[in-house]
Structure formats: C-alpha cells, structure tokens
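Welcome, and please load the model in your viewer. We will go from the overall fold to single side chains, one selection at a time.

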Amino acid sequence: MPLADAAETGLKIVIVGGFGVGKTTLVRSVSEIRPLNTEEVMTQAGAGVDDVAGLRNKSTTTVAFDFGRISLNEQTVLYLFGAPGQERFWFLWDRLFSGTLGAVVLVDTRRMADSWYAIDRLEYHGTPFVVAVNRFDEDGSRFSLDEIRQALDLPEDVPLVDCDARLRDSGKNVLITLVDHLYQQALAREMTA
C-alpha cells in the first residue's frame, strides 16, 4: 500500500534478539512494502564465530539491518528496523537505538541466554520494549510465559507474548502489544505531570 501524502507521524521500532531468532522473518511477515534486507549467505569465514547450534537449516544471516514499514492508519506509520543478532554486530545496536520509540525483543527459548544483551542494552538506553517468544516447531520444551518471565528476570510491567514470526497476524499482534504498551506509558507520564 502506498504511503498516503497525509501521513504525519513516522515511529521507529527496532526488533532485536539473538542470532537466528527470527527478526528478519518478523520484518518480512508484517511489512506492507517489500522489505529491505541485508541477508547474506553464511560462509566458512563465519564458522567458529557465529554459533549455529540449535539453528537447523540456518544458511543466511543479516549483516547490517532489515527495514520494513507498516501503516497503523492514514497518518501514522511504523518503520521497522531488524538488528543483526550476532555479537560481532552489536556495535551497531547503540546507533540503531537512536530515535527509537520502542523495541521488540524476540526470544528463542532454545537459546534464551542470547536475549540478555538485547534486554540489557534497551534498559541502559531507557527504551521501552516488549518481549515476544518466537515459538519454533522443533522446540520441545514449551516453557510457559511465566517461566520465561522468571528466567529473563522481566518486571511485570514488561509485556510478554507468544508469537510465530512467520505469520503476519502473529507479528502484527506483537506490534500492537508494543504500541499499546507505549500508549499506556505515555498516559502514565501524563498523569504524573
């Protein structure tokens, strides 16, 4: 859908998380435009650098960021930036967070420790975020959201939802949860001002 001439507000949203968690897939599934992505085929040069344990069929990786767009209404649009998940690209994150209204931390319960850095950086920058658990078919553990909240030491006020990054409606639900969270935070600030 073409962006209307009347669009007045562009909101920057960053999608972060560990390597192979589904950030590119999420941006692709919800974007109303053909997403810009910087995926490249993984090569032997990345062997021993990028930990692919538990990532069945992982053959490409994001080397800069993904970009997509979704309109909330005729006047408001979300600009989606998917950050690369490998540690060697974390230096990009602080710059990518500049001007960000909010973020989605995408979590894979098979590699939950990979979520810590994303949560830490967002908290450091004071960036509001939600956590979305990308449920993979081959994840036999099926931890409950309460167990995941406890494992990640997430405060109760941080929204935590299940998702399947491959499905547009599921991805849209994650973004709606984030926008609702940002709205509630803005209302709370208004009440205390």
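Which pattern of helices and strands does the chain follow, read along the sequence? Colour this predicted model by secondary structure and trace it from the N terminus: the order is β-α-β-β-β-β-α-β-α-β-α-β-α. That makes 5 helices and 8 strands. Now switch on the surface of the chain, which comes to about 10300 Å², with 52% of it belonging to carbon and sulfur atoms. Of the 193 residues, 47% count as buried. If you draw a contact map for residues at least 6 apart in sequence, 74% of those contacts join residues at least 24 apart.

**Stop 1: helix α1**

Select residues 23-30. Helix α1 is largely enclosed by the rest of the structure, because 6 of its 8 residues are buried. To see them, show Lys23, Thr24, Leu26, Val27, Ser29 and Val30.

**Stop 2: from the loop after α1 to β4**

Next, pick Glu32 and Arg69, whose side chains meet in a salt bridge at 3.0 Å, N to O. Glu32 lies in the loop between α1 and β2 and Arg69 in strand β4, so this pair ties together parts 37 residues apart in sequence. Are the two partners buried or exposed? Glu32 counts as buried at 17% relative accessibility, and Arg69 is buried too, at 10%.

**Stop 3: the aromatic cluster**

Stay with β4 and select Phe67, Tyr79 and Phe81, which form one aromatic cluster. The whole structure holds 2 aromatic pairs. In one of them, Phe67 and Tyr79 are stacked, with 5.9 Å centre to centre and 20° between the planes. Phe67 belongs to strand β4 and Tyr79 to strand β5, so the pair ties together parts 12 residues apart in sequence. Tyr79 is partly exposed, at 26% relative accessible area. Then add Lys12: its charged end sits over the ring of Phe81, 5.2 Å from the centre.

**Stop 4: another charge over a ring**

Centre on Tyr124. Arg121 lies over the face of this ring, at 4.4 Å from its centre.

**Stop 5: around β8**

The structure has 6 salt bridges; two more of them await here. Asp162 and Arg135 meet at 2.6 Å, N to O, linking strand β8 to the loop between β7 and α4, 27 residues apart. Asp162 counts as partly exposed at 34%, whereas Arg135 is buried at 10%. Finally, select Asp164 and Arg166, which form a salt bridge at 2.7 Å, N to O. Asp164 is buried, at 16%, while Arg166 is partly exposed, at 48%.

Definitions and conventions
Residues are numbered from 1 along each chain as its sequence is written. This is a predicted model: local features need pLDDT of at least 70, side-chain atom pairs count only at pLDDT 80 or more; totals for chains, interfaces and linings use all residues. Side-chain values use heavy atoms; hydrogens and water are left out. Rings of Phe, Tyr and Trp (its six-membered ring) pair if their centres lie within 6.5 Å; planes under 30 degrees apart count as stacked, over 60 as edge-to-face and the rest as tilted. Helices (H or I, at least four residues) and strands (E, at least two) are DSSP runs, numbered from the N terminus. Buried means under 20% relative accessible area, exposed over 50%, partly exposed in between (1.4 Å probe, protein chains only). A charge sits over a ring if NZ of Lys or CZ of Arg is within 6 Å of the ring centre and within 35 degrees of the ring normal. Contact means heavy atoms within 4.5 Å. Accessible areas come from the Shrake-Rupley method with a 1.4 Å probe; for residues, only the protein chains shown count as cover. A salt bridge is a side-chain nitrogen of Lys or Arg within 4 Å of a carboxyl oxygen of Asp or Glu.
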